[in-house]
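Hi,

Here is the structure I said I would pass on. Have a look at it first, and my notes come right after.

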Amino acid sequence: MTTTTVTAAPVRAVGRDHVRVEGRDKVTGAARYAGEVPFAGLAHGWLVLSTVARGRIEDVVTGPVLEMPGVLAVLHHGNAPHVETDFIGMLGTKPDPTCAVFQNDQVPHLGWPVALVVAETSEQAREAAESLVVHYDEQPHEVEFSSEDPDACHVDGRIPAVTDKGDLEAELAASAVVLDAEYTTPEEHHNPMEPHAAMARWDDGRLELVDSNQSTTMVVGELAKLFSLDPASIRVRSEHVGGGFGSKGVRAHQVAAVMAASVLQRPVRVVLTRRQMFTLAGHRSPTIQRVRLGADADGRLRALDHRSLSRTSTVYDFVEPSATVARAMYDADAHHTENRVVRRDVPSPTWMRAPGEAPGSFALEAALDELAEKCGVDPIELRLRNEPDKGPVSGLPFAARNLRACFEEGARRFGWDRRDPRPGVRRDGRWLLGSGTAGASFQAAALPSTATITAEADDTFTVRIAAADIGTGARTALTLVAADALDTPPERIRVRIGDSAFGPASIAGGSSGTRSWSWAVTAAASELRERLVPGMEIPAQGITVRSDTTAAITALAQKERHSYGAQFAEVAVDPATGEVRVRRMLGIFAAGRIVNPLTAKGQFTGGMIWGLSMALHEEAARDAYFGGQVGADLAGYHVATHADVPHIEADWVDDHDPEDPVGIKGIGEVGIVGAAAAVANAVWHATGVRHRSLPIRPDRILTAGNGA
């Protein structure tokens with residue numbers, strides 16, 4: 001045994017720059033992703049996807065494939081284990097049936113999983129999968145939709161489809177200035193650095209899954225229900241994850257791996273190819289959004305109407321809640337929002353970084369910019385004149401709303417007061433120059449989590465929590481939080497994450513992860529400090545305490561809790577070629593207590609770059625004839641590269657809520673919100689032409705004179 005010496009750290013860790021604690025492992029390859037962890041006797045599975053966009057499977061010709069070298073099995077709807085799908089998952093919705101592979105002969109979209117070929121090596125599995133012949137009864141399909149689609153319907157998901165107050169038409173009629181415009185965003189894809197991968201094996205009646213996911217807790221819960229297992233008999237490990245952005249939940253490859261491991265009674269790994277990820281990893285639905293704003297002559301809103309239509313699959317109702325952003329940002333006497341969907345023969349959409357807010361903020365913030373032009377009011381001033389004093393829809397008080405401070409600080413640092421409000425008058429040689437701005441918000445949620453902390457005999461502390469570090473620096477942030485909570489240097493803290501054996505914890509999503517996990521770690525640290533008395537001896541097994549924040553989060557007062565931001569962009573447009581170059585971007589955010597400024601800036605600027613990419617590059621084109629995506633790879637799907645990224649700066653203002661027990665808000669998603677709108681608004685200021693459809697491609701710039 002040793003004697004504990006809990007002493008005050010010389011300098012507080014939270015709020016100071018810290019390099020990632022796993023940084024060296026990442027750059028040397030010691031940090032292994034799910035597809036890299038070795039296992040004895042490992043077999044490899046390769047998914048076979050449908051080549052028709054709608055129909056049913058008539059026959060899977062397995063005979064010739066089973067005779068190929070190394071092939072161990074071919075799973076399909078005729079021989080695969082049964083799974084259950086009638087349950088509500090961790091996110092409050094039923095699972096997407098796409099993950100319940102090989103359950104019937106129906107094909108609802110191109111790229112539907114129809115078989116899994118398992119072989120001794122991945123090369124053998126791929127060759128056999130590409131040789132498998134599947135016969136289909138092909139049926140007509142439909143992938144396109146329009147704003148006037150008669151099949152559009154409201155779907156209440158985790159949030160209401162419609163909110164309404166006041167007499168909208170009366171307030172619009174009484175408004176001095178009215179804007180009525182339609183905005184569109186295309187289908188977009190996550191493309192995390194690390195492909196989706198999962199290895200499943202059974203060991204003495206227990207299922208182990210080594211996976212790339214955003215929540216081991218969620219994966220355990222859904223696998224248990226899918227396969228009718230006791231959750232206690234499942235262990236999921238996901239120590240290092242190379243990006244998720246909302247796509248890494250329970251998907252077809254994990255379920256197929258578990259099926260194959262069950263049938264063969266040996267470990268099986270299934271890894272998605274980049275092309276397969278465009279079909280099986282979810283995507284952001286395209287949207288068609290109509291925004292109607294009615295205002296007095298000075299720009300004060302009387303009516304706000306934001307309606308969004310998105311596309312979902314025929315097997316799963318996923319709603320891209322684009323109109324939701326208006327429910328928290330701006331108020332009006334009459335306020336209406338609604339989210340509708342159209343079911344089509346396409347893969348199911350899913351959560352994608354800043355779901356709803358990312359495409360919704362483009363429409364809303366571009367519309368406000370148009371309204372400011374009509375009213376002859378500065379775009380920032382118009383937004384500040386419409387600052388609500390309570391939740392526009394909920395009526396709840398704001399826990400802290402520092403959007404005004406973001407705009408004021410951002411305007412000062414960006415040099416907004418030097419901006420000539422007239423569009424199309426500023427030049428730099430052949431380039432037209434323009435500046436734009438937009439507001440941003442994203443919810444600051446907290447979900448129940450558990451954590452354990454052990455005071456070790458070697459005078460260190462071990463934190464165990466089933467958190468997921470998807471590239472955000474969560475492991476480092478929790479190290480700093482634990483160090484301050486225990487009044488000890490970060491060097492004495494070891495954080496273990498990504499293991500369901502550590503107990504249930506929040507998902508890395510919805511910008512709730514660090515806030516939720518830090519709450520649990522802080523609670524455990526507080527209890528541990530009460531148990532540790534200076535001079536007491538620590539036994540060899542250490543002293544461990546466990547926290548559970550469920551009761552504390554349930555008791556939290558109901559308020560509007562959000563991170564906020566003000567986005568600024570300067571662009572240069574070549575009217576001869578249609579080229580748009582973003583020269584600089586600035587984002588100022590109000591996001592609670594910043595744990596690690598070094599990684600926080602990376603998250604903020606990463607989101608802003610994604611917004612730039614959304615504004616100018618990203619667009620998945622789906623061919624109506626064959627129902628699939630054209631160029632389903634990183635050559636055909638364009639994202640911003642280093643050459644496209646200008647000088648980008650992110651910073652924050654003080655954002656303290658004395659009633660918040662943790663003080664940390666999410667920052668993973670607010671950085672993307674409003675960024676695309678700021679770029680689009682800057683393009684208008686440069687050219688005098690509004691672009692209401694993303695991305696703003698060169699051809700759209702060149703044809704703008706005919707109505708872009």
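Below is what I found, going from a pocket to a sheet, then to a hairpin and two alanines.

One thing to keep in mind throughout: this is a predicted model.

You'll probably want the pocket first. The second largest pocket holds about 620 Å³ of space. As for who sits around that pocket, 25 residues line it, and those nearest its centre are Leu49, Ser50, Gly111, Arg275 and Gln276. Four elements give two or more residues each to this lining: strand E2 (43-49), helix H3 (122-131), strand E7 (133-138) and helix H7 (274-280). In terms of chemistry, the lining residues split into 13 nonpolar, eight polar and four charged.

Strand E2 also belongs to an open sheet of seven strands, and the order across that sheet is E4-E6-E2-E14-E11-E12-E13, with mixed pairing. At the edges are strand E4 (71-76) and strand E13 (234-237), each paired on one side only. On average, neighbouring strands in this sheet are turned by 20° against each other, ignoring direction.

At the E13 end, strand E12 (residues 206-211) runs parallel to E13, and four bridges join the two. If you want a spot to check that register, Leu207 stands opposite Ile234 in E13. Helix H5 (residues 216-226) lies across E12 and E13, at about 145° to E13. Another helix, H6 (residues 252-264), packs on the sheet as well, and its contacts there are E2, E4, strand E6 (113-119), strand E11 (197-203), E12 and strand E14 (268-271). The direction of H6 makes about 30° with that of E11.

Now for the hairpin, which starts with strand E20 (residues 450-455). How many of the six residues of E20 are buried? Six of six, as it turns out. In a regular strand, side chains alternate between the two faces of the sheet. Here Thr450, Thr452 and Thr454 point one way from E20, while Ala451, Ile453 and Ala455 point the other way, and all are buried. So one set is made up of threonines, and these are buried too.

E20 has two antiparallel pairings to look at. With strand E24 (residues 543-548) there are six bridges, and Thr450 stands opposite Asp548 in E24. With strand E21 (residues 461-464) there are four bridges, and the partner of Thr452 in E21 is Arg464. The E20-E21 hairpin has five residues between its strands, and Asp459 takes a positive phi near 70°.

Last, two alanines. Which of them is buried and which is exposed? Ala173, found in helix H4 (residues 168-174), is exposed, because its relative accessible area of 68% is over the 50% cut-off. Ala197, placed in strand E11, is buried, because its 3% is under the 20% cut-off.

Leaving aside neighbours within four places in sequence, Ala197 is in contact with Ala34, Gly35, Val210, Asp211, Ser212, His253, Val270 and Val271.

There are also two C-alpha distances you might like. Ala173 and Gly294 are 121 residues apart along the chain, with their C-alpha atoms separated by 8.1 Å. Ala197 and Pro321 are 124 residues apart along the chain, and their C-alpha atoms are separated by 28 Å.

Cheers

Methods
Residues numbered from 1 in each chain as written. Predicted model: local features only at pLDDT ≥ 70, side-chain atom pairs only at ≥ 80, totals over all residues. Heavy atoms only, no water. 1 Å grid on protein atoms, 1.4 Å probe; cavity = no way out; pocket = protein on both sides within 12 Å on 5 of 7 lines; lining within 4 Å. Points joined across faces, edges and corners; volume = space filled by probe spheres on them. Nonpolar A, V, L, I, M, F, W, Y, C, P; charged D, E, K, R; others polar. Pairing = 2+ DSSP bridges. Axes fitted to C-alpha atoms, helices over the stretch in contact; angles between N-to-C directions. Contact = heavy atoms within 4.5 Å. Buried < 20%, exposed > 50% of the residue type's maximum accessible area, 1.4 Å probe, protein only.
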